[in-house]
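Please open the structure in your viewer and keep the selection tool at hand. The tour moves from one selection to the next, and each stop says what can be found there.

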Amino acid sequence: MTLLFQIRLEQDSLTLRGSPTESVGCFLRGQLVLVTTEPIKSKEIKLTFQGKSKTAWDNGNITEISEKRILYRHDWVFLAAQEKYHVLQPGNYCWDFELALPGTLIETIEQCNRSYVRYNLKATLKRPTFAQNLHTKRKIQINRCLVSNYFNSLQSVVLLNSWENKVEYEFSIGTRYFCLGDKIPVELIIKPLIKGIIINRFNLIFEEYRTYNIGPKTMKEVVIIDIKRDSSPAPFIDETWIKNEEISIPKSRCLKDSENNQIHIEHKLKFEVTFQVEDKDYYKLTASLPVIITSCPSPIGTTMFDTLPTYDSYYFDREINEDLSSSIPSDSNITSRDNNLYNNLCDDLLSNNNNNNNNNNNNNNNIPSYDSTISLIPLSINDSSLPPAYDTINIL
């Protein structure tokens with residue numbers, strides 16, 4: 001009887017840093033696990049990683065323009081086919097796998113009615129003719145974070161201009177870089193250059209521009225993600241009109257920015273202001289700003305610039321002896337052997353520091369570096385979305 005046939009991953013969400021021409025790629029790592037309590041015959045055990053895409057749209061007639069592609073494929077054969085069957089005795093079996101993915105891969109695209117890009121792993125254990133084969137799958141999410149202009153995109157974005165010598169306006173957002181689920185803070189300031197101007201209507205529109213490509217054929221569409229309307233704006237105060245709004249970026253309807261030979265996705269934030277001059281003519285002012293939408297909390301990820309403690313926090317002296325335990329990284333999966341390692345490490349550090357103090361030696365060369373300290377802490381690979389590890393199953 002087979003108790004478990006499963007794919008376990010170090011990470012099922014991978015991130016490519018930079019554009020396709022800049023990215024160095026990423027690694028897919030995991031294990032294929034088989035647990036059986038009785039002998040099992042197998043022709044072959046194989047694992048396949050595959051990326052596929054589809055793009056389709058109606059051209060206004062009955063016919064549909066569509067294209068399917070295999071973007072990437074890699075196979076691992078853990079038991080090769082031979083004349084005789086492989087006989088696997090009762091026990092736990094584990095096959096490690098690793099794959100370097102190129103940075104040119106198209107990121108995962110879902111929730112788009114005209115195109116998708118998907119990646120998955122599929123494992124198959126082929127059995128004798130009248131026995132049922134074993135199959136298991138895992139979905140892989142590939143994200144892309146454009147890091148080349150990250151620090152520039154953190155700066156506030158402001159559009160300053162005048163329109164037909166009638167008004168000056170300032171259109172600003174906090175940054176060009178936003179995540180799915182965020183809200184975009186918007187501020188619009190209008191100053192009249194002539195007398196008698198009255199603002200009648202204000203619209204703020206968040207638009208998504210999609211361009212689909214199949215060979216030489218192209219199809220474009222614009223999707224309105226969110227819109228704010230105000231048909232009775234407040235009057236000018238001290239010859240200035242100020243409007244503050246927030247635009248939502250819903251995960252369920254908004255796609256991430258993407259640029260490849262299959263689909264191009266970009267976003268713009270546009271405002272429209274209708275105003276009247278001296279109760280006569282109506283005018284419409286329109287302007288827009290591009291924004292970048294990603295699924296990553298940060299294009300650099302969770303980096304040491306944000307999370308790693310300073311070097312001083314690993315300099316153990318008497319003044320912070322009482323807080324020593326809180327300075328050591330914790331892990332719910334750390335074993336008692338690991339705790340002993342921490343205690344021995346701390347005792348050694350404290351002993352060295354006390355000797356240095358007694359000898360009035362202020363040479364900081366004896367202070368361990370952050371890397372040398374953290375490298376002594378064992379790391380465990382967990383997959384919280386899966387059942388307990390195969391080696392924890394008791395085989396009867």
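Begin by selecting Ala-80 and His-86, where the backbone oxygen of Ala-80 lies 2.6 Å from a polar atom of the side chain of His-86. This is a predicted model, and the distances on this tour are to be read with that in mind. His-86 belongs to strand β7, which covers residues 86–88, and with a relative accessible area of 15% His-86 is buried. To see what surrounds His-86, add Ile-40, Lys-41, Ser-42, Lys-43, Leu-79 and Ala-80, which are the residues in contact with His-86 once its neighbours within four places in sequence are left aside.

Now clear the selection and show the whole protein, which has five helices and 20 strands. Of its 396 residues, 41% count as buried, and the protein exposes about 23,000 Å², of which carbon and sulfur atoms supply 47%. Among contacts between residues at least 6 apart in sequence, 72% join residues that are at least 24 apart.

Next, go to the interior and select Leu-28, Phe-49, Phe-97, Leu-101, Leu-121 and Ile-140, which are the residues with the most contacts inside the largest nonpolar core, a set of 41 residues. Strand β9, residues 115–126, gives the most to this core, with five residues. If you colour domain 1 (4–145) and domain 2 (150–294), you can follow how this core draws at least three residues from each of them.

Stay with Leu-121 for a moment: which residues is Leu-121 in contact with, leaving aside its neighbours within four places in sequence? They are Ile-7, Leu-9, Leu-28, Leu-47, Thr-48, Phe-49, Trp-76, Phe-97, Thr-136, Lys-137, Arg-138 and Ile-140. A second, separate core has 32 residues, and you can find it by selecting Ile-173, Leu-180, Ile-247 and Cys-254, which are among its members.

The remaining stops concern charged side chains, for which the count comes to 18 salt bridges. Select Arg-144 and Glu-107, which form a salt bridge with their closest N and O atoms 3.3 Å apart. This pair links distant parts of the chain, since Arg-144 sits in strand β10 (residues 134–145) and Glu-107 in the loop between β8 (91–101) and β9, 37 residues apart. Are the two partners buried or exposed? Arg-144 is buried, with a relative accessible area of 10%, and Glu-107 is buried as well, with a relative accessible area of 5%.

Move on to Glu-110 and Arg-118, whose side chains meet in a salt bridge at 3.3 Å from N to O. Here Glu-110 counts as partly exposed at 23% relative accessibility, and Arg-118 also counts as partly exposed, at 36%.

For the last stop, select Arg-114 and Glu-221, whose side chains meet in a salt bridge at 3.2 Å from N to O. Because Arg-114 lies in the loop between β8 and β9 while Glu-221 lies in strand β16 (residues 217–230), the pair ties together parts that are 107 residues apart in sequence. Arg-114 is partly exposed, with a relative accessible area of 24%, whereas Glu-221 is buried, with a relative accessible area of 16%. Finally, add Glu-208 and Arg-210 to the selection, and you will have the four residues Arg-114, Glu-208, Arg-210 and Glu-221, which are linked in a network of salt bridges.

Note on methods: Residues are numbered from 1 along each chain as its sequence is written. This is a predicted model: local features need pLDDT of at least 70, side-chain atom pairs count only at pLDDT 80 or more; totals for chains, interfaces and linings use all residues. Side-chain values use heavy atoms; hydrogens and water are left out. Helices (H or I, at least four residues) and strands (E, at least two) are DSSP runs, numbered from the N terminus. Buried means under 20% relative accessible area, exposed over 50%, partly exposed in between (1.4 Å probe, protein chains only). Contact means heavy atoms within 4.5 Å. Accessible areas come from the Shrake-Rupley method with a 1.4 Å probe; for residues, only the protein chains shown count as cover. A nonpolar core is a set of buried Ala, Val, Leu, Ile, Met, Phe, Trp, Tyr and Cys residues joined through side-chain atoms within 4.5 Å. Domain bounds come from an automatic or database domain assignment. A polar contact is a pair of N or O atoms within 3.5 Å; within protein, one must be able to donate a hydrogen and the other to accept it, and residues adjacent in sequence count only if both atoms are side-chain atoms.
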